[in-house]
Amino acid sequence: MAVMTETEPPPPPPIRGRTLYRLRVLRHDPTALLGLVLVVVLAYLVVAPLVAVLSDAFRLQYGDEAHAGQAPGEWTGYYLWRVFRSPVSRLLFWEPLLNTLVVAAGTTLFALVLGGGMAWLVTRTDVPGRRWLAGALVVPYMLPSWTFSLAWLSLFKNERAGGQVGFLEAQGVRTPDWLAYGALPIIVTLGLHYYPFVLLLVGNALRRIDAQLEDSARILGAPRRTVVRRIVVPLMLPALSSAVLLVIGRVLGTFGTPYVLGLPADYRVLSTGLFQSIRDRSTGVASVLATVIVIIGVLVVFMDMRLMREHRRFVTVGGKGAMDRLGRLRRLRRPAFALALLVFVVSVLVPVLTLLLSTITRTPLDLSTFTLDYWLAERLPGAVGFPHGVLRGHELWEAAWNSLRVVGLASVVCAVAGLLVGYVVVRGTAPRVAGFLRQVSFLPYLVPGIAFAAASLSLFAVARGPVPALYGTTFLLILVMAVTHLPYSSRSGIAAMTQLGREPEEAAQVAGASWWQRMRRIIFPIQKGALVTGIVLPFVSGLKELSIVVMLATTGTQLLTTLSIGLVDYGYTQLANAVVLMIALLSFTMTTLTQRLTRTSLASGIGG
Amino acid sequence: MPTITLSGVSKSYGGGEHAVRNLDLVVPDGAFMCLLGPSGCGKTTTLRMIAGLEQPTAGSIAVGDRVLDSVERGLYVPPEKRGMGLVFQNYALWPHLSVRENVEFGLRMRKVPAPERRSRAEAALRMVHVDAAMDRYPSQLSGGQQQRVALARMLAVNPAVLLLDEPLSNLDARLRLEMRAELKRIHEESGATIVFVTHDQLEALTMATDVAVLNDGELQQLAAPMDVYDRPANRFVAEFVGSPPMAIVETGPAPTGLAASLLRHVEPRAAGKAPAAVGIRPEALRLGPPPDAAWHEEALVEAVLPAGSSWTVRLRVLDAELYAVSYTPVLAASGDVLTCWTEQLHLFDADGVRISSWDRAEATA
């Protein structure tokens, strides 16, 4: 045994040796390289589009020279002026902004009342059929959001826009514009889509409240009402505020519903305004609008984080659950059940059945005019753009195949990328790389989908350097879709890798496994479950995604969702309804199948 | 062949904090070396550097004449090429592989043909007595079984260097005792060089052939287990090793009470250097009539705490409180006054470094 040095010969210049040593270590550990690659890729796919859209907002675009009196490419405040101060700014920005705020506030209120009430009924009372209701009331969230708007049109559409009128008009009842289009229908249909969101968040929080907290208050002499007011509601605030802000964020970026129900009456919101600007090729204005939407989105999420942090002080953990302490409704049990059932009927059965009936009747919902032509006919007289039933011809099948292919690939890319981000973050050889990946992969969460799509468009629409113009390619669709779902997959990837820890891999390494062998035999097999969830969740939500793809899809890359919106544009209501029904069916089956297979709940999919 | 040599090894993280500072350590061929120290002392980092899972920021590590790391010369061998065996604190069994597949993994990586792989895995599992659970998955095993599988996984590849990172800390007391004996047997049978990290001094003292005590990233003492106990190199080692811990009496510039009494006793023998602190091990403090040369003093019994095989007595001696551990029944009750004595005192200088022990053996020698 010895304790001594003096065995080593005098070292060569230490700096050189040290560098050589570091290089040798790096050569044997591809994690560093992988981290670097991810940093570059994410910077290009996430940060660059946002920079591009910002720069487009301040650079003069081709075609605007005459108006602005500047050369293309010069820095300019012209678009800012045009959007915020010019004679057309009311039309371009202020009115859509006001409408957006009205719709967001209305939808949130609607969803909050409906979702909160239902959450209370389902979790805290002895209403009959609680279990069934808890599942059934979430179904609206599995349908594409604009399903409701199409159903609304089938019922209330008047002669203002072209195409077939709705059920009521056909019956000879005049539906006024405010009922057929604009704020009210948008708020109601979006509210019906988003209330399950509130129900899930608030329901989870209600379930987690420790019944002992309430019991303590009761024992100290507080009457029931006081307990609710002083104990339960304050404890629910984090979940409530979170639900509110998330719904606002979603409404901000939603496109389908305001497009279907708003535009025929010139009721513009920011997202449809952005879409129109892009369609009109006024890139500069579109960039300003996209930037504004991004800023509002970022503000909303930051506010949410801020509130959550403040509320973390009184997060209640554990608890024996309130299952055995259900409030007794007594005589109100039946009416309460009837109310919940009514909500289900209005939010699921009515829209779906309306759509279904509208596709099998010539006069809306009049069963005496029953026909299967809209599904099966080889020739549909009068429908020039789509002259046959949806199941005929190649359009639907092509779009369906495109949807599956694009969304499927995007989901796989997304899940693998998320897991790799998690891997690099957890291996953590370079804290700065890990920090960057963590932040940037979360960034798309702050950006409403439609704004992100607009941003990608400004980066990829033209050839830049070695990268060719990608507009109109499925490749771009896949990329953007993968990136927008990255926040969820990278978060779950980081969680999964953190839970696994580094030891299993290190054990394999010491046992003699090279990096590839470790990946192939240890990491990926262990993370198989996380990987499957990471693929399936984006897949399900991607199938009904419209806001992102409506910007990027072209006639060559038609997806199911864009096909149905295209049919709406043509005024082929029945055909559009049929396609949406197909999407709803697909998305509903996939969701329930997933929940069965992976035992994940939808609540984890919406990313809280 | 496998003598592990660490020379001038340092490990610092960004921000200049050192996990390990200029460590020189030789683990002789066939040794069972314990790295002992409190948590955060750098012992696990040292082990992981030997395994190659972490890289030193200075210094070199070699096994035999094969240099594994040399920051100065730019040499590096990745962990998968070092051919060592490592058992993690939480075992790190692969949950998706059966026990057999876990154990065969290392052999598979070494391209051992299937039939031989099978028989060697079975032999390794038999050695740790879990061959009955061969086709189960790690989650179906108890903690003790998982521990054994982790050992078998390491033993199957028959490495010349075995590294163990607190492998017994997650086991209950009985299993731990059993595994200690098991590890000792495995060491004798395999002839491998073992480096064992623990914060449990009892583990170190019972199993190791050599103990390296670390604190704050620095080596405090490297010695045989009983030497670490009997002749601690400094106050840190003295207080860390031994349970209940050694009582340290500071003498100060104007010693009074117990300190003065001890000094009076050791001064003539302390080779001119005045000790700044005197240590008494509770096991060395006896009760009853003292032998001739022993230090002794009157003690008031404050409490007697029987623990089956031993008796711990809290005493008030002059101005201080001392504990004595006796392995014969103590018949005193609190309030009694006895004589306490010892023939073993540990003397430390102002820097906490051991001057000498004063004990009967040394005094008479």
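These questions and answers walk through a predicted model with chains A and B.

Visitor: What average pLDDT does chain A have?
Guide: This is a predicted model, and pLDDT is the predictor's confidence in each residue. In chain A, 92% of the residues score at least 70. The chain A average is 82.

Visitor: Which helix of chain A has the lowest mean pLDDT?
Guide: Among the elements of chain A, helix α23 (residues 503-510) has the highest mean, 92. At the other end, with a mean of 42, is helix α29 (residues 602-605) of chain A.

Visitor: Where in chain A does pLDDT stay under 50?
Guide: One such stretch is residues 316-324 of chain A, with 18 contacts beyond four places in sequence. Another has 14 such contacts. Where pLDDT is low, the predicted coordinates should not be read in detail. That second stretch of chain A is residues 602-608.

Visitor: How far apart are the C-alpha centres of domain 1 and domain 2 of chain A?
Guide: Domain 1 of chain A takes in 30-52 and 394-608. Domain 2 of chain A takes in 88-271 and 332-374. Their C-alpha centres are separated by 28 Å.

Visitor: Which element gives the most to the side of domain 1 of chain A that touches domain 2 of chain A?
Guide: The contact uses 29 residues from domain 1 of chain A and 31 residues from domain 2 of chain A. On the domain 1 side, α21 (449-460), α27 (560-570), α28 (573-598) and α29 of chain A each supply at least two residues. With 13 residues, the top contributor is α28(A).

Visitor: How many charged residues are on that side of domain 1 of chain A?
Guide: The side of domain 1 that touches domain 2 of chain A has 18 nonpolar residues and ten polar ones. The charged count is one.

Visitor: How much of residues 400-594 of chain A is helix?
Guide: An unreviewed UniProt entry lists residues 97-304 and 400-594 of chain A for "domain: ABC transmembrane type-1". Over residues 400-594 of chain A, the end C-alpha atoms are 19 Å apart. Strand makes up 0% there, and helix 78%.

Visitor: How many nonpolar residues are on the side of chain B that touches chain A?
Guide: The contact takes 32 residues from chain A and 33 residues from chain B. In chain B, β1 (4-12), β2 (18-27) and α2 (99-109) each supply at least two of them. By class, the chain B side has nine polar residues, six charged and, for nonpolar, 18.

Visitor: Which are the edge strands of the six-stranded open sheet in chain B?
Guide: The strand order in chain B is β7-β8-β9-β3-β10-β11, with mixed pairing. The twist averages 15° from one strand to the next. Two strands pair on one side only: β7 (85-87) and β11 (218-223) of chain B.

Visitor: Which residue stands opposite Phe32(B)?
Guide: Strand β3 (residues 32-36) of chain B runs parallel to β9 (residues 193-198) of chain B. Five bridges join this pair. Opposite Phe32(B), in β9(B), stands Ile194(B).

Visitor: At what angle does helix α4 of chain B run to β7(B)?
Guide: Helix α4 (residues 143-156) of chain B lies across β7 and β8 (161-165) of chain B. Its angle to β7(B) is about 175°.

Visitor: How many residues of domain 2 of chain B are in contact with domain 1 of chain B?
Guide: Domain 1 of chain B spans 4-234, and domain 2 of chain B spans 244-364. Their C-alpha centres are 38 Å apart. Domain 1 of chain B brings four residues to the contact; domain 2 of chain B brings six.

How values were computed: Residues are numbered from 1 along each chain as its sequence is written. Chains are lettered from A and ligands numbered from 1 in the order in which they are written. This is a predicted model: local features need pLDDT of at least 70, side-chain atom pairs count only at pLDDT 80 or more; totals for chains, interfaces and linings use all residues. Two residues are in contact if their C-beta atoms, placed from the backbone, lie within 7 Å. Helices (H or I, at least four residues) and strands (E, at least two) are DSSP runs, numbered from the N terminus. Ala, Val, Leu, Ile, Met, Phe, Trp, Tyr, Cys and Pro count as nonpolar, Asp, Glu, Lys and Arg as charged, and the others, Gly among them, as polar. pLDDT is the predictor's confidence in each residue, from 0 to 100. Domain bounds come from an automatic or database domain assignment. Two strands pair if DSSP finds at least two bridges between them. Axes are lines fitted to C-alpha atoms, for helices over the stretch in contact, and angles run from 0 to 180 degrees between N-to-C directions. UniProt positions are given in the numbering used here, feature names are shortened, and annotations may be inferred rather than shown by experiment.
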